[in-house]
Amino acid sequence: MTYSLFHTNKVIAGVDSILQIADVVKSFDVTNVVIITDQGVFNAGLINEPKALLEKAGINVYIINDTPPEPPVDKVNDIYKTATQFNAQMIIGIGGGSAMDTAKLVAILLNNNVLLRDVVDGKSKFKNRGIPTLMIPTTSGTGSEATQNSIVLVPERELKVGIVDEKMLPNCVILDPKMTIGLPKHITANTGIDALCHAVECYISKKCSPFTEMFALKAIELIAKSIRIAYNDGQNLQARENMLLGSYLGGASIATSSTVAVHALSYPLGVNIIFLMVYLMQFYYLMS
């Protein structure tokens with residue numbers, strides 16, 4: 001078996017790592033950036049500090065804050081069209097998986113003459129890498145900041161479609177636990193379990209490689225020892241940092257392997273992944 005490692009170019013992690021955002025953006029020699037986020041993150045004030053730091057450095061910042069959960073193709077196209085009006089030179093995704101998935105798609109659409117609908121339908125592929133991207137997660141769950149994947153809805157076909165292209169890997173990621181301390185308990189739990197499932201599924205996948213083992217086992221260790229602490233004490237920065245890093249490593253596991261039946265079945269069945277994980281792990285054990 002041969003195996004490959006697709007990975008982000010640069011990861012900056014730790015408490016107050018957000019303070020380096022202007023240095024990251026200036027390293028790409030750009031002056032116009034578009035931040036793509038959702039209404040919840042925007043209303044929580046999580047955009048304020050990044051925006052202020054960038055503007056203080058003389059960078060023009062435009063904010064698109066209406067990314068919905070699991071955005072459909074037409075909505076991603078609308079956000080892309082808005083970004084073109086701002087002459088975007090770099091895209092920053094701040095939020096959960098939907099915001100970051102959308103940010104990756106917008107960035108690559110801005111540097112390719114293709115229609116997203118055609119890519120979704122398998123009629124076209126991206127030829128060029130997108131404009132520079134920076135991902136800043138505000139949840140510890142999807143690991144989108146570490147993957148070459150984006151998921152969009154196709155409502156008329158009642159489908160979730162995953163677009164996978166190594167040209168969508170983010171250029172840089174900032175993992176600052178302070179961006180997650182305001183997460184409500186139920187979101188801390190749900191996103192944390194999602195990250196744990198990513199790591200476990202990728203580890204037991206037939207596509208698992210030595211790279212996957214390295215990422216997945218560390219992700220499981222970090223999440224297992226920190227999820228209860230983060231749930232019970234949302235202000236605990238060490239637990240939040242462990243969860244954020246575990247989520248990132250779960251995403252890196254996806255980039256080197258794949259999830260298995262748990263996530264595959266959760267989409268059509270609409271069932272919480274933790275229930276599927278329990279039963280499917282029992283099934284895998286009996287079949288081993």
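Buried residues account for 49% of the 288 residues in this protein chain. Keep in mind that we're looking at a predicted model. The overall dimensions fit that picture of a well-filled fold: a compact globule with 288 residues would have a radius of gyration near 19 Å, and the 18 Å found for the chain agrees with that. Along the principal axes, the C-alpha trace spans about 60 × 45 × 35 Å.

What is the chain built from? Its secondary structure comes to 11 helices and 8 strands. Sequence-distant contacts are plentiful too: take the contacts between residues at least 6 apart in sequence, and 77% of them join residues at least 24 apart. On the outside, the accessible surface comes to about 13,300 Å², with 54% of it belonging to carbon and sulfur atoms.

UniProt, in an unreviewed entry, puts the feature "domain: Alcohol dehydrogenase iron-type/glycerol dehydrogenase GldA" at residues 9-177. Over that stretch the chain is 30% helix and 24% strand, and the C-alpha atoms at its two ends sit 20 Å apart.

Now for the aromatic side chains. Searching the whole structure turns up 2 aromatic pairs. In one of them, the ring centres of Y3 and F211 are 5.6 Å apart and the planes meet at 80°, so this pair is edge-to-face. The pair links distant parts of the chain, 208 residues apart: Y3 belongs to the segment before β1 (10-13), while F211 is in helix α8 (residues 210-232). Y3 is partly exposed at 42% relative accessible area, and F211 also counts as partly exposed, at 26%.

The rings of Y62 and F86 are arranged in another way: their centres are 4.5 Å apart and their planes lie at 10°, so they count as stacked. Y62 comes from strand β3 (residues 60-64) and F86 from the loop between α4 (73-85) and β4 (90-95), so the pair ties together parts that are 24 residues apart in sequence. Y62 is partly exposed, with 27% relative accessibility, and F86 is partly exposed as well, at 24%.

Two lysines deserve a look before you leave. K185 lies over the face of Y231, 5.0 Å from the ring centre. Then there's K104, in helix α5 (residues 97-109). Is K104 buried or exposed? Its relative accessibility is just 1%, and buried means under 20%, so K104 counts as buried. Leaving aside residues up to four places away in sequence, K104 touches M135, S144, T147, N149, S150, M168 and P170.

Notes:
Residues numbered from 1 in each chain as written. Predicted model: local features only at pLDDT ≥ 70, side-chain atom pairs only at ≥ 80, totals over all residues. Heavy atoms only, no water. UniProt positions renumbered as here; feature names shortened; annotations may be inferred. Helix = DSSP H or I, 4+ residues; strand = E, 2+ residues; numbered from the N terminus. Phe/Tyr/Trp six-rings, centres within 6.5 Å; stacked < 30°, edge-to-face > 60°. Buried < 20%, exposed > 50% of the residue type's maximum accessible area, 1.4 Å probe, protein only. Lys NZ or Arg CZ within 6 Å of the ring centre and 35° of its normal. Contact = heavy atoms within 4.5 Å. Rg over C-alpha atoms; globule rule 2.2 N^0.38 Å. Areas by Shrake-Rupley, 256 points an atom, 1.4 Å probe, with all protein chains shown as cover.
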